[in-house]
Amino acid sequence: MYARKGYELVKDLASGEKGQLQPFNEDLFNQVVDQCTQHYLELQALIRKMQEESVDVRETRNADHYGALIHHLSLIRNKRCLMAYVHNRAEIIQNFAWKVGLELLELPEEIQEKLSSSEKNYFGKHSAALQSYMAEVGIDLNVDMVPPKDPYIKVRVLDDMGEGILLSDKTANLARHSMHFLKRTDAEQYIARGLMEELTG
(Lines give C-alpha, C1' and ligand atoms only; values in the text may rest on other atoms or scores of the structure.)
Protein backbone atom coordinates (compact mmCIF):
# COMPACT_ATOMS: atom_id res chain seq x y z
CA MET A 1 0.00 0.00 0.00
CA TYR A 2 1.26 3.48 -0.88
CA ALA A 3 2.65 5.50 2.07
CA ARG A 4 2.53 2.42 4.33
CA LYS A 5 6.08 3.06 5.55
CA GLY A 6 5.16 6.57 6.67
CA TYR A 7 2.26 5.14 8.64
CA GLU A 8 4.58 2.60 10.27
CA LEU A 9 6.99 5.39 11.26
CA VAL A 10 4.26 7.41 12.99
CA LYS A 11 2.97 4.23 14.64
CA ASP A 12 6.48 3.57 15.95
CA LEU A 13 6.52 7.09 17.42
CA ALA A 14 3.09 6.66 19.01
CA SER A 15 3.99 3.29 20.54
CA GLY A 16 6.27 4.93 23.11
CA GLU A 17 5.22 6.35 26.45
CA LYS A 18 4.25 10.02 26.28
CA GLY A 19 7.26 12.28 26.81
CA GLN A 20 9.69 9.36 26.44
CA LEU A 21 11.89 8.53 23.46
CA GLN A 22 12.04 5.29 21.55
CA PRO A 23 15.37 4.58 19.83
CA PHE A 24 15.59 6.54 16.55
CA ASN A 25 14.31 4.14 13.89
CA GLU A 26 16.91 4.96 11.26
CA ASP A 27 16.12 1.95 9.08
CA LEU A 28 12.40 2.74 8.80
CA PHE A 29 13.09 6.48 8.50
CA ASN A 30 15.40 5.84 5.52
CA GLN A 31 12.82 3.51 3.96
CA VAL A 32 10.25 6.34 4.07
CA VAL A 33 12.77 8.74 2.50
CA ASP A 34 13.48 6.18 -0.25
CA GLN A 35 9.75 5.74 -0.82
CA CYS A 36 9.38 9.53 -1.15
CA THR A 37 12.11 9.50 -3.80
CA GLN A 38 10.37 6.68 -5.65
CA HIS A 39 7.00 8.46 -5.60
CA TYR A 40 8.67 11.64 -6.88
CA LEU A 41 10.36 9.79 -9.77
CA GLU A 42 7.11 8.02 -10.71
CA LEU A 43 5.23 11.32 -10.57
CA GLN A 44 7.77 13.06 -12.81
CA ALA A 45 7.74 10.13 -15.27
CA LEU A 46 3.93 10.26 -15.62
CA ILE A 47 3.93 14.03 -16.11
CA ARG A 48 6.66 13.75 -18.76
CA LYS A 49 4.68 11.01 -20.51
CA MET A 50 1.56 13.21 -20.64
CA GLN A 51 3.60 16.14 -21.93
CA GLU A 52 5.23 13.98 -24.62
CA GLU A 53 1.74 12.87 -25.71
CA SER A 54 0.73 16.55 -25.88
CA VAL A 55 -1.91 16.00 -23.23
CA ASP A 56 -3.04 18.95 -21.12
CA VAL A 57 -1.75 17.94 -17.69
CA ARG A 58 -4.13 20.29 -15.85
CA GLU A 59 -7.34 19.40 -17.67
CA THR A 60 -6.98 15.74 -18.70
CA ARG A 61 -8.46 13.09 -16.40
CA ASN A 62 -7.02 9.81 -17.64
CA ALA A 63 -5.17 6.89 -16.03
CA ASP A 64 -1.85 8.77 -16.10
CA HIS A 65 -3.44 11.79 -14.40
CA TYR A 66 -4.84 9.68 -11.57
CA GLY A 67 -1.62 7.69 -11.29
CA ALA A 68 0.32 10.96 -10.92
CA LEU A 69 -2.21 12.18 -8.35
CA ILE A 70 -1.79 9.02 -6.27
CA HIS A 71 2.00 9.37 -6.30
CA HIS A 72 1.70 13.08 -5.43
CA LEU A 73 -0.63 12.45 -2.48
CA SER A 74 1.50 9.53 -1.26
CA LEU A 75 4.60 11.73 -1.44
CA ILE A 76 2.89 14.47 0.60
CA ARG A 77 1.60 11.97 3.16
CA ASN A 78 5.02 10.39 3.63
CA LYS A 79 6.64 13.81 3.99
CA ARG A 80 4.10 14.76 6.65
CA CYS A 81 4.82 11.52 8.50
CA LEU A 82 8.57 12.25 8.38
CA MET A 83 8.02 15.79 9.68
CA ALA A 84 5.71 14.56 12.46
CA TYR A 85 8.31 12.00 13.52
CA VAL A 86 11.17 14.52 13.58
CA HIS A 87 9.11 17.34 15.14
CA ASN A 88 7.70 15.25 17.99
CA ARG A 89 11.11 13.83 18.85
CA ALA A 90 12.61 17.35 18.73
CA GLU A 91 10.04 18.56 21.27
CA ILE A 92 10.95 15.74 23.67
CA ILE A 93 14.67 16.48 23.17
CA GLN A 94 14.07 20.18 23.94
CA ASN A 95 12.36 19.19 27.19
CA PHE A 96 15.49 17.28 28.26
CA ALA A 97 17.34 20.62 28.38
CA TRP A 98 14.82 21.85 30.98
CA LYS A 99 14.36 18.65 32.95
CA VAL A 100 17.79 17.00 32.90
CA GLY A 101 20.49 19.48 31.95
CA LEU A 102 21.98 21.56 29.18
CA GLU A 103 24.99 19.34 28.47
CA LEU A 104 24.73 16.22 26.33
CA LEU A 105 26.91 14.34 28.85
CA GLU A 106 24.33 15.13 31.55
CA LEU A 107 21.76 13.02 29.71
CA PRO A 108 21.61 9.45 31.00
CA GLU A 109 23.37 6.98 28.72
CA GLU A 110 20.10 5.17 27.97
CA ILE A 111 18.71 8.43 26.52
CA GLN A 112 21.85 9.24 24.53
CA GLU A 113 21.70 5.80 22.92
CA LYS A 114 18.21 6.59 21.57
CA LEU A 115 19.32 9.77 19.79
CA SER A 116 20.51 9.92 16.21
CA SER A 117 23.69 11.91 15.48
CA SER A 118 21.53 14.72 14.05
CA GLU A 119 19.45 14.79 17.23
CA LYS A 120 22.57 14.97 19.40
CA ASN A 121 23.75 17.89 17.28
CA TYR A 122 20.32 19.52 17.61
CA PHE A 123 20.33 19.11 21.40
CA GLY A 124 23.79 20.70 21.57
CA LYS A 125 22.76 23.71 19.49
CA HIS A 126 19.47 24.13 21.38
CA SER A 127 21.29 24.01 24.71
CA ALA A 128 23.96 26.45 23.49
CA ALA A 129 21.25 28.90 22.42
CA LEU A 130 19.59 28.65 25.84
CA GLN A 131 22.89 29.11 27.68
CA SER A 132 23.77 32.11 25.53
CA TYR A 133 20.40 33.72 26.19
CA MET A 134 20.52 33.07 29.95
CA ALA A 135 24.05 34.52 30.13
CA GLU A 136 22.94 37.60 28.20
CA VAL A 137 19.91 38.34 30.40
CA GLY A 138 21.57 37.13 33.60
CA ILE A 139 18.77 34.74 34.60
CA ASP A 140 18.88 30.97 35.12
CA LEU A 141 15.67 29.76 33.50
CA ASN A 142 16.18 26.22 34.78
CA VAL A 143 15.11 27.06 38.33
CA ASP A 144 11.53 27.28 39.66
CA MET A 145 9.23 29.67 37.86
CA VAL A 146 7.58 30.47 41.23
CA PRO A 147 10.03 31.78 43.86
CA PRO A 148 10.42 29.16 46.64
CA LYS A 149 9.65 30.03 50.27
CA ASP A 150 13.07 28.79 51.31
CA PRO A 151 16.18 28.80 49.10
CA TYR A 152 17.36 25.61 50.85
CA ILE A 153 15.67 22.21 50.66
CA LYS A 154 16.18 18.94 52.49
CA VAL A 155 17.25 16.09 50.20
CA ARG A 156 18.25 12.45 50.44
CA VAL A 157 20.97 11.13 48.13
CA LEU A 158 19.73 8.09 46.17
CA ASP A 159 23.01 7.11 44.54
CA ASP A 160 26.58 7.49 45.80
CA MET A 161 28.15 10.50 44.10
CA GLY A 162 31.39 10.62 46.10
CA GLU A 163 33.22 13.16 48.21
CA GLY A 164 34.15 16.75 47.51
CA ILE A 165 31.23 17.49 45.17
CA LEU A 166 31.50 21.21 44.40
CA LEU A 167 28.27 23.11 45.01
CA SER A 168 27.69 26.84 44.66
CA ASP A 169 28.41 27.63 48.33
CA LYS A 170 30.35 24.59 49.62
CA THR A 171 31.70 21.15 48.89
CA ALA A 172 29.77 18.10 50.09
CA ASN A 173 30.13 14.37 50.61
CA LEU A 174 27.10 13.03 48.74
CA ALA A 175 27.11 9.44 49.93
CA ARG A 176 24.14 7.19 49.25
CA HIS A 177 21.22 7.64 51.70
CA SER A 178 22.84 10.71 53.30
CA MET A 179 20.60 13.73 53.93
CA HIS A 180 21.53 17.36 53.34
CA PHE A 181 20.18 20.90 53.32
CA LEU A 182 21.22 22.21 49.90
CA LYS A 183 20.47 25.26 47.85
CA ARG A 184 17.48 24.50 45.66
CA THR A 185 19.45 25.57 42.58
CA ASP A 186 22.21 23.05 43.44
CA ALA A 187 19.85 20.19 44.23
CA GLU A 188 17.44 20.48 41.30
CA GLN A 189 19.87 19.18 38.69
CA TYR A 190 20.46 16.04 40.76
CA ILE A 191 16.75 15.59 41.52
CA ALA A 192 15.95 15.84 37.80
CA ARG A 193 18.51 13.11 37.07
CA GLY A 194 17.10 10.81 39.76
CA LEU A 195 20.20 11.04 41.96
CA MET A 196 18.40 12.79 44.84
CA GLU A 197 14.89 13.19 46.17
CA GLU A 198 13.42 16.14 48.00
CA LEU A 199 12.21 15.41 51.52
CA THR A 200 9.13 17.18 52.79
CA GLY A 201 8.13 17.87 56.35
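**Exercise 1.** Identify the residue that follows α5 and state the sign of its phi in this predicted model.

*Solution.* Glycine 138 comes after α5. Its phi is positive, near 70°.

**Exercise 2.** Check whether the end-to-end distance of helix α5 agrees with its number of residues.

*Solution.* Step 1: α5 covers residues 117-137, which is 21 residues. Step 2: at 1.5 Å a residue, the helix should span 30 Å; the factor applied to 1.5 Å is one less than the number of residues. Step 3: the end C-alpha atoms are 31 Å apart, so the two values agree.

**Exercise 3.** Determine how the buried residues of α5 are arranged around its axis, and what they pack against.

*Solution.* Step 1: the buried residues are Glu119, Phe123, His126, Ser127, Leu130 and Met134. Step 2: their arc around the axis is only 95°, so they sit on the same side of α5. Step 3: the face turned away from that buried side holds Ser117, Ser118, Lys125, Ala135 and Glu136, which are exposed. Step 4: the partner of the buried residues is α3 (63-99).

**Exercise 4.** Classify the ring pair of phenylalanine 24 and phenylalanine 29, and place the pair in its cluster.

*Solution.* Step 1: the count of aromatic pairs is 3. Step 2: for phenylalanine 24 and phenylalanine 29 the ring centres are 5.3 Å apart and the planes stand at 45°, so this pair is tilted. Step 3: both phenylalanine 24 and phenylalanine 29 are buried. Step 4: ring pairs join Phe24, Phe29 and Tyr85 into a cluster.

Notes
Residues numbered from 1 in each chain as written. Predicted model: local features only at pLDDT ≥ 70, side-chain atom pairs only at ≥ 80, totals over all residues. Heavy atoms only, no water. Phe/Tyr/Trp six-rings, centres within 6.5 Å; stacked < 30°, edge-to-face > 60°. Buried < 20%, exposed > 50% of the residue type's maximum accessible area, 1.4 Å probe, protein only. Helix = DSSP H or I, 4+ residues; strand = E, 2+ residues; numbered from the N terminus. Arc of directions from axis to C-beta. Contact = heavy atoms within 4.5 Å.
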